Protein chains: 2
Amino acid sequence: MGKGEETRDSILDTALDQASLVGLEGLSIGDLAKKTGLSKSGLFAHFGSKEALQVEILRTAMRRFAKIVVAPAQRQAKGIDRLRALFENLLDWTEKGGIRGGCIFLAAAVELDDREGLAREFLVETQQIWLRTLAKAVQRTVREGDLGVGVDSQDFAYEIHGIYLAYHQAKRLLHDLGAKGRALRAFETLIANNR
Amino acid sequence: MGKGEETRDSILDTALDQASLVGLEGLSIGDLAKKTGLSKSGLFAHFGSKEALQVEILRTAMRRFAKIVVAPAQRQAKGIDRLRALFENLLDWTEKGGIRGGCIFLAAAVELDDREGLAREFLVETQQIWLRTLAKAVQRTVREGDLGVGVDSQDFAYEIHGIYLAYHQAKRLLHDLGAKGRALRAFETLIANNR
DNA sequence: GAGTTGACAGCACGACCGTTCGTTTTATTA
DNA sequence: TAATAAAACGAACGGTCGTGCTGTCAACTC
């Protein structure tokens, strides 16, 4: 890995953390330069535009998400174990990933939903992949017999996603200490109701 | 209503709409002045600071939410009818309220969750009131016999909230046309599973 | 209808924004 | 080690940001 790539990666590490705190738009290049010890123009040259930087931040987040949430779950047996692993890894993936702010995908989702551009497109793709991953795990669980045959995998994936969203808000906005317990309970209830 | 108040209200109408599109932080006073036909300083004088403006925007949103979502539901019979009305009114309250962007409370939630200040405090209060309102409606539904006695009203409120969050994201970010149907289905399933 | 209050405009402030450019330093390769 | 390419810097650009201050004109009060 050349010097350039190395710098670029360390910029993106800092940028991801910072963006999780202040958002993709709230992130400023000058501030990021100060935090990484680079000059503004030197940092800028790595990406060419702020939008490109935002896309790269999202790409970095996605890779980290894949490593922390998805990959470990793939090592579980197909079916309910894998589905549960996906959900449980999801709950504190940002902490495990060294990201101080909340889930950047959720922040970006509301930040970008009324804009257009490459960052939005990238995010939409990412979210769809995640929902498909979840739905596939559900489908597999049905096939393994741990969920009833009437279960719609897409509906089910959305409901799991909803539990995560509510959990995230309760934890980060309301500082609700019972948030995680409630999320886990909601997940298990959902499973139990659909056997 | 004096002239000042009138202007203030019309500023806040525009500001709420705009903030729903670009966020509370993304909203700029200069741009808002242009849109309302005022000078920047003239508009600014109404609030004294950007943070105060943000709080007033949230207050405006809360009032509109109460009028569109909560008030009509209060006219329904206590119990399942009222609970269902709350949920269904919720789904497109922004459209009915003439707000072009998404639900400003959700946008603000992720924008403010790592900040501190009056806007955050106001939002937290608002969200807690809403969750309590929801939980009370659930409780009442249990008492009326339309939900089982084992139902935890707080848990149940959070699950409903989660359905809304997933719906909102599917609709606004993914432009998923099936989002509303899925949300309504999820709600009815939740009810049916807890009778 | 005169006097007082409040609403608003105009202008300026320092700070910071993303972006460009030319130059200098540092790495890589021959 | 010399030649070449890549990386980073410093200064500057035109703009916009939120926020003051001062003056003027319109709206209310008596």
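# Exercises on a predicted protein–DNA model

R182(A) lies over the face of Y158(B), 4.0 Å from the ring centre, where a charge sits over a ring if NZ of Lys or CZ of Arg is within 6 Å of the ring centre and within 35 degrees of the ring normal. The model is predicted, so that local features need pLDDT of at least 70 and side-chain atom pairs count only at pLDDT 80 or more, while totals for chains, interfaces and linings use all residues. Residues are numbered from 1 along each chain as its sequence is written, chains are lettered from A and ligands numbered from 1 in the order in which they are written, and side-chain values use heavy atoms, with hydrogens and water left out.

## Exercise: the fold of chain A

Determine how many helices and strands chain A has, and which part of its residues is buried.

*Solution.* Begin with the secondary structure, in which helices (H or I, at least four residues) and strands (E, at least two) are DSSP runs numbered from the N terminus: chain A has ten helices and zero strands. Next, take the dimensions along the principal axes, where the C-alpha atoms of chain A fill a box of roughly 60 × 35 × 30 Å. Finally, of the 195 residues in chain A, 54% are buried, a term that stands for under 20% relative accessible area, with exposed for over 50% and partly exposed for values in between (1.4 Å probe, protein chains only).

## Exercise: from a ring to a salt-bridge network

Work out which residue lies over the face of Y158(A), and then follow R182(B) into its network of salt bridges.

*Solution.* Over the face of Y158(A) lies R182(B), at 3.9 Å from the ring centre. The side chain of R182(B) also meets that of D155(A) in a salt bridge of 3.7 Å, N to O, the rule being a side-chain nitrogen of Lys or Arg within 4 Å of a carboxyl oxygen of Asp or Glu. This pair crosses between chains, joining helix 10 (residues 179–193) of chain B, which holds R182(B), to helix 9 (residues 153–172) of chain A, which holds D155(A); R182(B) and D155(A) are both buried.

As a further step, D155(A) forms a salt bridge with R185(B), with the closest N and O atoms 2.4 Å apart, and here too the pair crosses between chains, from helix 9 of chain A to helix 10 of chain B. D155(A) counts as buried because its relative accessibility is 14%, whereas R185(B), at a relative accessible area of 43%, is partly exposed. The resulting network of salt bridges links D155(A), D176(B), R182(B) and R185(B), and over all chains the count comes to 30 salt bridges.

## Exercise: a salt bridge within chain B

For the salt bridge between K96(B) and D92(B), find the N to O distance and state whether K96(B) is buried or exposed.

*Solution.* The side chains of K96(B) and D92(B) meet at 3.6 Å, N to O. K96(B) counts as exposed because its relative accessibility is 52%, while D92(B), with a relative accessible area of 17%, is buried.

## Exercise: aromatic pairs

Classify the pair of F65(A) and F105(A), and identify the aromatic cluster that holds F65(A).

*Solution.* Over all chains the structure holds twelve aromatic pairs, where rings of Phe, Tyr and Trp (its six-membered ring) pair if their centres lie within 6.5 Å, with planes under 30 degrees apart counted as stacked, over 60 as edge-to-face and the rest as tilted. F65(A) and F105(A) are edge-to-face, at 5.8 Å centre to centre and 90° between the planes. The pair links distant parts of the chain, 40 residues apart, with F65(A) in helix 4 (residues 50–74) and F105(A) in helix 7 (residues 104–112) of chain A. F65(A) is buried at 10% relative accessibility, and F105(A) is buried at 4%. One aromatic cluster comprises F65(A), W93(A), F105(A) and W130(A).

## Exercise: the surface near DNA strand D

Establish which residues come nearest to DNA strand D, and which atom of the strand lies 2.7 Å from K50(B).

*Solution.* Of the 19 residues around DNA strand D, those that come nearest are S39(A), S41(A), H46(A), S28(B) and K50(B), a residue being near if one of its heavy atoms lies within 4 Å. By class, this surface has four nonpolar, eleven polar and four charged residues. For K50(B), a backbone N or O atom lies 2.7 Å from a phosphate oxygen of DNA strand D, whereas for K40(B) a polar side-chain atom lies 3.0 Å from a base nitrogen of the strand.

Key. A polar contact is a pair of N or O atoms within 3.5 Å; within protein, one must be able to donate a hydrogen and the other to accept it, and residues adjacent in sequence count only if both atoms are side-chain atoms. Ala, Val, Leu, Ile, Met, Phe, Trp, Tyr, Cys and Pro count as nonpolar, Asp, Glu, Lys and Arg as charged, and the others, Gly among them, as polar.
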